[in-house]
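Grab a pencil and work through a few exercises on reading a protein model. Try each task yourself before you look at the solution.

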Amino acid sequence: LFFIILMQQPCKNIHWMNYIKFTVFLISCCAAFLGNVIYTLSCGPTPDPYDYYVSFFNPYTKGKGYEPFYYSTLTSFYGDPTPSEESANVADWRRLTGGKVTARDIRECIYTYPQEQLSAIAAGSTGLPDSVMNNSFARFLLKDKHREAARYLLFAKTCEPAVNTGDPWSAPVRDNALMADLYSEGETLYGKTKNKYIRDRYAFQLVRLQHYSRQYAEAAALFDKLFGRKERTSLVYYKSLALKAGALLHLEDSVQSAYLFSRVFEKAPSLRISCFTSLMWTNTSPEEVYTLCRNNHEKAGGASSGGRANSAPDVTAIRETYALDPASPALNILLAREMNKVEDTYVSTYLAEGQSTGGLIGLRDYSPGDSSKMTIQVKALQALTDSVIAAGKLEDKDFWQVSSAYLSY
């Protein structure tokens, strides 16, 4: 304001007047820039996928690893699974060390050491910097009896650029000649390795190299050859099984592919997002997969998959999953999803009746007929919840009783 008043006064010095105009211009630019920054920051981060409708029901239930499938219509997945793939991998390596090495040191060595550093460790170099020698996992790998593990980590680090792409928005460009050389090297190292745990890790790398070389039939056959029919509990086993499932999908065996993805989904929580996405790509119905299931527990896993993808109120998945396996861990997640759907449709609308919708995100206009329909859905969900409780076969009866009470309220 001061400069505006000043510019209105008579001024005989044209240079002074130009200086004032320039100063006012700069101040205006700075004000516009800072105002834009403040406006941008005030918008906040990405909305919480759970905090966009009126809710009093916490979806966090027992059964870690199902976090991505809490109800949300803002994002494809609510959040990341617990544990993460990195944490699961570190835990596997820690079991190899007998728990004598810290998870922090394992994570630092595997995920931050460059290839040159791992090469020196694999070679048993004595000229390593103090930062490496102070790492308990690095010291573990330097021992002669653990040299196979160190050599594998070096090989895995070498393979990463060949099977990963830096830009997720671009189609990957594969160097088939490089992958063929790596496969030959890995095959040799696999044959020389005695430690079964490390052999399984080489097997994973070999299956992955063939898969990304688009040798899908060979990749599926190689999995059967190297892992056999006996299931493991390690992350690399299930990552390898997922690669076989993906190979079968490329070979248009969608039913068996869907079955294998469902097995990985159940057994490896850290891989659930990728497996569920791939499972949807198979475009198969649970009934098609039932023919391959060994028991009702496995069938229940297939029955629950549709409920995890459905954002509309629907109790079909709960009913079918419970009929097959009342102890299925997916039941709590399916019920929590339906409870939050009720809140998104019924509670938000009910509380907004006769009020301004300002500040409430996601509210829609409903006719009296819609309101009546929502009431019917609430009662139907409560009736199903009560019938399941009465059957007395639930693993987590308290959760269902609280849910029924809330629906009644």
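Here come five exercises, each with a worked solution.

This is a predicted model, where local features need pLDDT of at least 70, side-chain atom pairs count only at pLDDT 80 or more, and totals for chains, interfaces and linings use all residues. Residues are numbered from 1 along each chain as its sequence is written, and side-chain values use heavy atoms, with hydrogens and water left out.

**Exercise 1: confidence**

Task: Find the mean pLDDT of the protein chain, and look at how the model treats residues 1–6 and 357–363.

Solution: Start with the term: pLDDT is the predictor's confidence in each residue, from 0 to 100. The chain's mean is 87, and 83% of its residues reach 70 or more. Next, take residues 1–6: their pLDDT is below 50, and the stretch has five contacts in the model beyond near neighbours in sequence. (Contact means heavy atoms within 4.5 Å.) Residues 357–363 stay under 50 too, with nine contacts beyond four places in sequence. Where pLDDT is low, don't read the predicted coordinates in detail.

**Exercise 2: the overall build**

Task: Work out how many helices and strands the protein chain has.

Solution: Helices (H or I, at least four residues) and strands (E, at least two) are DSSP runs, numbered from the N terminus. Counting them gives 20 helices and zero strands. Then check burial: 42% of the 409 residues are buried, that is, under 20% relative accessible area, while exposed is over 50% and partly exposed lies in between (1.4 Å probe, protein chains only).

**Exercise 3: two helix pairs**

Task: Decide how α3 lies relative to α12, and how α14 lies relative to α16.

Solution: Axes are lines fitted to C-alpha atoms, for helices over the stretch in contact, and angles run from 0 to 180 degrees between N-to-C directions. Under 35 degrees counts as roughly parallel, over 145 as roughly antiparallel, 65 to 115 as roughly perpendicular and the rest as oblique. Helix α3 (residues 85–96) packs against α12 (residues 235–250) at about 130°, with the axes 9 Å apart. So α3 is oblique to α12. On the α3 side the contact uses E85, A88, N89 and D92, and on the α12 side L235, V236 and K239.

Now the second pair: α14 (residues 272–282) and α16 (residues 296–309) cross at roughly 100°, their axes coming within 11 Å. They are therefore roughly perpendicular. Here F276, L279 and M280 of α14 meet S305, R308 and A309 of α16.

**Exercise 4: the core and I121**

Task: Find which helix gives the most residues to the largest nonpolar core, then see what I121 touches.

Solution: A nonpolar core is a set of buried Ala, Val, Leu, Ile, Met, Phe, Trp, Tyr and Cys residues joined through side-chain atoms within 4.5 Å. The largest one has 76 residues, and I121 is one of those with the most contacts inside it. Helix α8 (residues 147–163) gives the most, with 10 residues. Leaving out residues up to four places away in sequence, I121 touches partners including Y113, L128, L141 and A150. I121 is also one of the buried residues of α5 (residues 115–122), whose cover includes α4, α6, α7 and α8.

**Exercise 5: a charged residue**

Task: Is E298 buried or exposed?

Solution: First place E298: this residue is found in helix α16. Its relative accessible area is 4%, so E298 is buried. Finally, list the neighbours: E298 touches Y259, R263, L292 and C293, not counting residues up to four places away in sequence.
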